[in-house]
Amino acid sequence: MTSPASQDLVVTQAGPDDWPVIVGWAADEGWNPGLSDITAFFAQDPDGFFVGRVDGEPVSAVSVVNFGADYAFLGWYLVRPDLRGRGHGLTTWKTALAHAGHRTVGLDGVVAQQDNYRQSGFEPAYRTSRFVGVAPAAEPPAGVRPARAADLAAITAYDSACCPADRPRFVAAWLTTTGHRALVRHDGDRLTGYGVIRPGRDTLRIGPLFADTADDARALFTGLTAEAAGAQVAIDVPETSTAGVALAEAAGFAPSFETARMYTGPVRDHAGERVFGVTTLELG
């Protein structure tokens with residue numbers, strides 16, 4: 001796939017080997033990408049990643065990852081700093097967005113870009129704050145254990161209830177990607193939440209943190225951070241989750257920056273009240 005030319009820009013679909021340089025750009029922007037996220041991202045939709053090149057060198061990027069027939073998520077919208085202001089980003093954006101077809105598209109937009117996203121038809125739904133702090137020392141809580149292969153079906157179903165779309169391929173990869181540690185909590189035979197912690201460029205990152213109740217979320221949060229005591233940890237919390245904000249603040253975490261979840265249209269009903277921590281700002 002190629003795009004209309006913009007100062008000799010050529011936009012093509014990208015593969016996993018193309019993406020490390022984009023991850024480096026994201027790190028330079030302070031996004032703190034996970035060290036092994038690429039594996040799970042490409043597992044969901046390997047055709048949803050795009051790079052713009054000038055004379056063969058990457059200068060822009062964006063992902064538009066499809067989740068089923070009705071929903072897609074846009075992320076990784078980046079232009080190399082020395083080549084901004086030349087239309088490369090917009091051309092890459094338009095080329096990639098066509099991949100979503102008729103689907104509603106979501107994104108998590110930084111404050112500086114939100115007006116531009118509105119011009120492209122995205123409307124804000126809620127804000128999200130990244131909370132960062134030092135993982136407190138704690139004993140592993142009762143009722144929380146590492147996720148097992150036998151838990152995959154229950155976790156996938158739970159994840160689907162919390163999200164605007166089913167994402168089984170992503171979840172299967174996210175739970176098992178190198179460095180990712182997943183925990184579950186049960187009430188008898190019923191799953192009441194799950195969470196994942198993984199290494200990032202600057203801090204460890206928690207995401208998702210999905211749970212039935214604040215008590216379930218607190219137990220999972222404690223379990224995820226117990227083995228990381230003394231390390232810097234980040235979690236992205238929707239403002240709609242007052243209990244999630246309270247949980248982060250009680251752990252001594254402080255907000256570092258803000259994004260807005262935005263959509264181009266309606267999304268299916270889902271249990272937003274269970275979302276104490278967003279999975280990832282790049283894929284929702």
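Student: Where is the place of Asn 32?
Tutor: Happy to start there, and keep in mind that this is a predicted model. Two helices frame this residue: α1, which covers 20-28, and α2. Asn 32 has its place in the loop between α1 and α2.

Student: Is Asn 32 buried or exposed?
Tutor: We can decide this from the relative accessibility, where buried means under 20%. For Asn 32 the value is 4%. That is why Asn 32 counts as buried.

Student: What is phi of Asn 32 near?
Tutor: Most residues other than glycine have a negative phi. Asn 32 is a residue other than glycine, yet its phi is a positive value. Phi of Asn 32 is near 55°.

Student: Which phi, about, does Asp 55 have?
Tutor: Let's place it before we look at the angle: Asp 55 is in the loop between β2 (49-54) and β3 (57-67). Asp 55 counts as exposed because its relative accessibility is 73%. Although Asp 55 is not a glycine, its phi is positive, at about 55°.

Student: What joins Gly 207 and Pro 208?
Tutor: Pro 208 has its place in strand β10, which runs over residues 204-211. Most peptide bonds are trans. Between Gly 207 and Pro 208, however, omega is about 0°, and what joins them is a cis peptide bond.

Student: Is Pro 140 exposed or buried?
Tutor: Here we look at another proline, in the loop between β6 (123-134) and β7 (144-146). Exposed means over 50% relative accessible area. Pro 140 has a relative accessible area of 62%, so Pro 140 is exposed.

Student: How many disulfides does a search of the whole structure find?
Tutor: A pair of cysteine sulfur atoms would have to be within 2.5 Å. Searching the whole structure gives a disulfide count of zero.

Student: How many Å away from Cys 162 is the nearest cysteine sulfur?
Tutor: Cys 162 counts as buried because its relative accessibility is 3%. Cys 163 counts as buried too, on account of its 7% relative accessibility. Cys 162 is in no disulfide, and the nearest cysteine sulfur, which belongs to Cys 163, lies away from it by 6.1 Å.

Student: At about what angle do helix α2 and helix α6 pack?
Tutor: Helix α2 spans residues 37-44 and helix α6 spans residues 168-176, with their axes 7 Å apart. The two helices are roughly antiparallel to each other, a label that follows because the angle is over 145 degrees. Their crossing is right-handed. The packing angle is about 160°.

Student: Which residues in α6 meet those in α2?
Tutor: By class, this contact has six nonpolar, one polar and two charged residues. On the α2 side are Asp 37, Ala 40, Phe 41, Ala 43 and Gln 44. In α6 they meet Arg 169, Phe 170, Ala 173 and Trp 174.

Student: Which residues in α5 meet those in α6?
Tutor: Helix α5 (residues 152-162) and α6 have axes that come within 10 Å and cross at roughly 125°, in a right-handed crossing. They are therefore oblique to each other. On the α6 side are Pro 168, Val 171, Ala 172 and Leu 175, and in α5 these meet Leu 152, Ile 155, Thr 156 and Asp 159.

Student: How many of the 10 residues of helix α3 are buried?
Tutor: Helix α3, residues 88-97, is largely enclosed by the rest of the structure. Its cover includes β1 (9-13), β2, β3, β4 (71-79), β5 (104-110) and α4 (114-119). Among the buried residues are His 88, Thr 91 and Trp 93. Of the 10 residues of α3, the number buried is seven.

Student: What is the relative accessible area of Gly 52?
Tutor: Gly 52 is found in strand β2. Leaving aside residues up to four places away in sequence, Gly 52 touches Leu 9, Val 10, Val 11, Glu 57, Pro 58, Val 59, Ser 60 and Thr 92. Gly 52 is buried, and its relative accessible area is 0%.

Terms used
Residues numbered from 1 in each chain as written. Predicted model: local features only at pLDDT ≥ 70, side-chain atom pairs only at ≥ 80, totals over all residues. Heavy atoms only, no water. Helix = DSSP H or I, 4+ residues; strand = E, 2+ residues; numbered from the N terminus. Buried < 20%, exposed > 50% of the residue type's maximum accessible area, 1.4 Å probe, protein only. Axes fitted to C-alpha atoms, helices over the stretch in contact; angles between N-to-C directions. Parallel < 35°, antiparallel > 145°, perpendicular 65-115°, else oblique. Left-handed = near helix turned anticlockwise from the far one by under 90°. Contact = heavy atoms within 4.5 Å. Nonpolar A, V, L, I, M, F, W, Y, C, P; charged D, E, K, R; others polar.
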